[in-house]
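Me: I would like to go through this structure with you, beginning with how the chains meet. Could you take my questions one at a time?

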Amino acid sequence: MSQAFKRFLGDVKRLPKIFVESVRRRGAATSDRGRSQAVFSNLFLHIHSVKTHKNSLKPSYTLGLGLLTTACLAVLTVTGILLMVYYKPTPELAYASIKDIHFVVPTGRMMRNLHRWAAHGMVIMVFLHMARVFYTASYQKPREFNWFVGVALLALTLALSFTGYLLPWDQLAYWATTIGVNIASSPRELTDAVGITQYFDPGGAIKQLLLGANTVGAEALIRFHLLHVMVLPLMLFTLIGVHFWRIRKDGGLSRPASADDVPEGEFFARDATKTYGLMAIVRGRTPAVGRSPENTVNSWPRLFVAEMAVLMAAIAILLILSLTLDAPLKEPANPAIPENPAKAPWYFLGLQELVAYSGFMGGIGVPMITLIGLMLIPYLDREQRGVGIWFSGPEGKRVALWSAIYSSVLVVGLLAFVIKFGWLREWYPDISQLVIVLVNPGSVYAVLFAAWSLWIMRRYDSTRMAAIALFTCFLVGYIILTYVGTVHRGPNWDFYWSQSHWPVH
Amino acid sequence: MAAARENYFTEWRSYQRQYRELLLAKAETEAEVKSARGFGIEIRQIVVSDLGAVDRCVTCHLGLDDPRMTDAPQPFRTHSGPALAHHEMERFGCTGCHLGQGRATSAREAHGWDAEAFWEHSVLPDPFHQASCGVCHDPEAIGSRGAPVLAEGFGLFRTEGCLGCHKLGGRGGPLGPALDEIGDRGRHSYSFAHIEGDKQVWSWHVEHLVSPETVIPGSKMPEVGLDESGVHGLVTYLLSLRSSNLTERMTPRDRYEQRYQVWHTRPLSGEELYRQFCFACHEEGTETVLHDTLGTIPSVRNHDLLAVVSREFLVESIHDGRPTTFMPAWASAAGGLEDGEIGRIADYLLESRREIRELEFVMSAAPDVANGERIFNAECTDCHALTRDGVEAPWLGDPGFQATYSDALIGHTIQYGREDTLMIPYGVGYDGDLTDAEVSDLVAFIRTMR
């Protein structure tokens, strides 16, 4: 037997091992060097840094929210591509293709359920992630731009969720989308009130752009489908790339200044018989300022174990949800029979509550102010106060608590007043339409929230405290309005304590 | 897990396994045993492109065309009756006749008898499934060939006067909603707030026909007053009013014949027209109808009326109606009746005429309107209101009334009354005490009513 043949036989036997080595490129990660190489020689892992700060691994700090958002997105991407195989975006076929996915496509029902619940999950997680980043002051320098990108990602997430809502083409989808598009076209309310609609009609232009017609129909469906599976995902993934890249470029996850302190005293026992270089005995900060290696650990394997745990938990929860709860699918869309109440997707119900008073301010004005305000927070609050600390310390916690109370009382109070006694039009039937358009309970809230925030700024002499006050007010207001819109609004947008009190229809 | 659920635990898989056992038990020949062994567990469906149907009913209803399964338990039993002999399953599918959700693969969702389920049409139960025969077939001709309930309903529809208030194909009164394609309206188009039975379209219609005002509070529709079989027939006919874009090859012969009849229509007789368009309100027409919601409906075949009015009077009254009452105009542009048809209805009414009397009343030269008003307030307002809102007796300001009643006719009616109605005589010499001059005053006042 020739040598070459022997070698060949040996290689055949070792084929699996050789293959694995060729993939890994390194041996088992037994040394710090090996562990570092495990990260940066791997396309999928090298987005992480080789070393991870201990603070970033504390579950109580990040709560894993960004990762959970990513997990939802991963599930959405995979299930979304699978759903696209069977989904047909035309009014005649859309509903029937969802029925086919539900009833006969292998695991189709499961995929649709996963897609639905992961979409809701992603919206919730994006909100929570934003709240976490805000309350730990992680938007402050040098992470201002990444916060900006994050707000854009929030808007994209909502847009993706909203465009996906129409695709099943059932009554729920049809009328929720109709409501949503009407909200988007509400600048027309303002231009009507001023009387310039025939010259300048941005509301009508938005509507035409979204629907390609005057009502939701075949054109709208294909546009929403295109946005949902192509345009918005491309934008989302691009921005997510920027978002992740900036995390590393901005110095990793934020952490309190104290997290970089080197523990007091000797951090390794010195052997009296040995001599040491300067680097080993110097106290305090190492030359790598702000990145003390003493408080970091190798990303491999600790970070990845933590990440896998969060990912698996997310997927487990989504799987359980999808096995037990079917995604809703009502009767086929029927433009002749409006749903009553016709409700937008839940995360827009807070807006719909405000829209009930006047479309422009409730649906465009206040949300745009909120979104722009959110984006500008890091540029207006330049204090480096309590970065990496929840609420920037006990004082911030107190401000947040009082702001939550202030906002709850204000929002619930005014809402109860309006539900009981009506709004401007009921009191002054002849009032100018312009006043109706501009003076919405939402604008009242915005003004009073801003006033509260300015008062806090004066009282505590701190823009960070003012930011906490403002953000908390808006967050609590959003939650309460969404809750009222979801639970307490029934047919004709009338107030009901529960759905069981709705008039039977 | 999802895969496991789908591969082992679905309802239809268990049915198909049971059916394989059943096939093996019933197999007698070698070939039958072999084919039973080869019975695969898989989704079965019929796709009917002509009807836009994808029917997976046959995934569980496995023995429909197997004559050995006549005594098998459901869902395996052979299709009953001769229907399948003329409607091959491959050509017609299931939901074309039975409705329901053909794409579904679970019994609950396919049949849709659960009120919580979301889709348009539930599977029609016996006897309402006969409605589907009427979608393609002539409802009259199909009566003797398997759809007697539908045929009975069609008959009742033409004799109970439904078209008096409801339009169908452009003909009929405007008071109620049109009935075109009413069978297409799914469960979500109905309000079940006052329905005691199943929350299903057919039970809605049954309860609504029995007592319209219970189901739709404020409805003016009269109760039809039929027995259960009549109500079921009428509901079956209503549910058969579905849109059908039948391709030529799907159109049955009796439908062609019926169309042919429509093109060369035999004119409906005056009586047939009366039953179709007038009967619901006027009933037989020989007595005044005192209706809860529609008010007092005049007796149009009253011999005393017919003795003094002309054929033109009747034609004009039907043609233009009484605009301020529930009596609509029946001209072809409104109610859809042709002039000839209105004439035949008038002729039918005149069949009840016993004699012709000349009008003898003559108006005085200078009637006193003020005096007429005084008399009207004293004598007439018990029944006739001064405004259109009173419903006790016809409102005399109605433009239709004003246009068709001559002074002489009004005066005559006041003097003479109208026998067999609530209108009693008021003239001196006719059991009353109004002089000719006073009646003239009254007529003059009535002329001012608007």
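**The interface and other local features**

Reply: Chain A and chain B bury about 1,800 Å² between them, with 57% of it on carbon and sulfur atoms. Buried area is the accessible area (1.4 Å probe) that two parts lose on being put together, summed over both. This is a predicted model, in which local features need pLDDT of at least 70 and side-chain atom pairs count only at pLDDT 80 or more, while totals for chains, interfaces and linings use all residues. Residues are numbered from 1 along each chain as its sequence is written, chains are lettered from A and ligands numbered from 1 in the order in which they are written, and side-chain values use heavy atoms, with hydrogens and water left out.

Me: How many residues of each chain are in contact?

Reply: Contact (heavy atoms within 4.5 Å) involves 21 residues of chain A and 21 residues of chain B.

Me: And how many salt bridges are there across the interface?

Reply: The rule finds two between chain A and chain B, a salt bridge being a side-chain nitrogen of Lys or Arg within 4 Å of a carboxyl oxygen of Asp or Glu. One salt bridge joins the side chains of A:Asp100 and B:Arg56 (2.8 Å, N to O).

Me: Which helices of chain A supply at least two residues of the side that touches chain B?

Reply: Helix H6 (91-103) and helix H7 (108-135) of chain A each do so. Helices (H or I, at least four residues) and strands (E, at least two) are DSSP runs, numbered from the N terminus. H6(A) gives the most to that side of chain A, with six residues.

Me: Changing topic, how many salt bridges are there over all chains?

Reply: The count comes to 23. Among them is the pair A:Asp201 and A:Arg188 (2.5 Å, N to O). A:Asp201 is in the loop between helix H10 (187-194) and helix H11 (202-211) of chain A, and A:Arg188 is in helix H10 of chain A, 13 residues apart.

Me: What about the backbone: which peptide bonds are cis?

Reply: The bond from A:Asn340 to A:Pro341 is cis, with omega near 0°. A:Pro341 is found in the loop between helix H14 (299-324) and helix H15 (349-355) of chain A. In chain B, the bond from B:Gln74 to B:Pro75 is cis, with omega near 10°. B:Pro75 lies in the loop between strand E2 (53-55) and helix H4 (83-86) of chain B.
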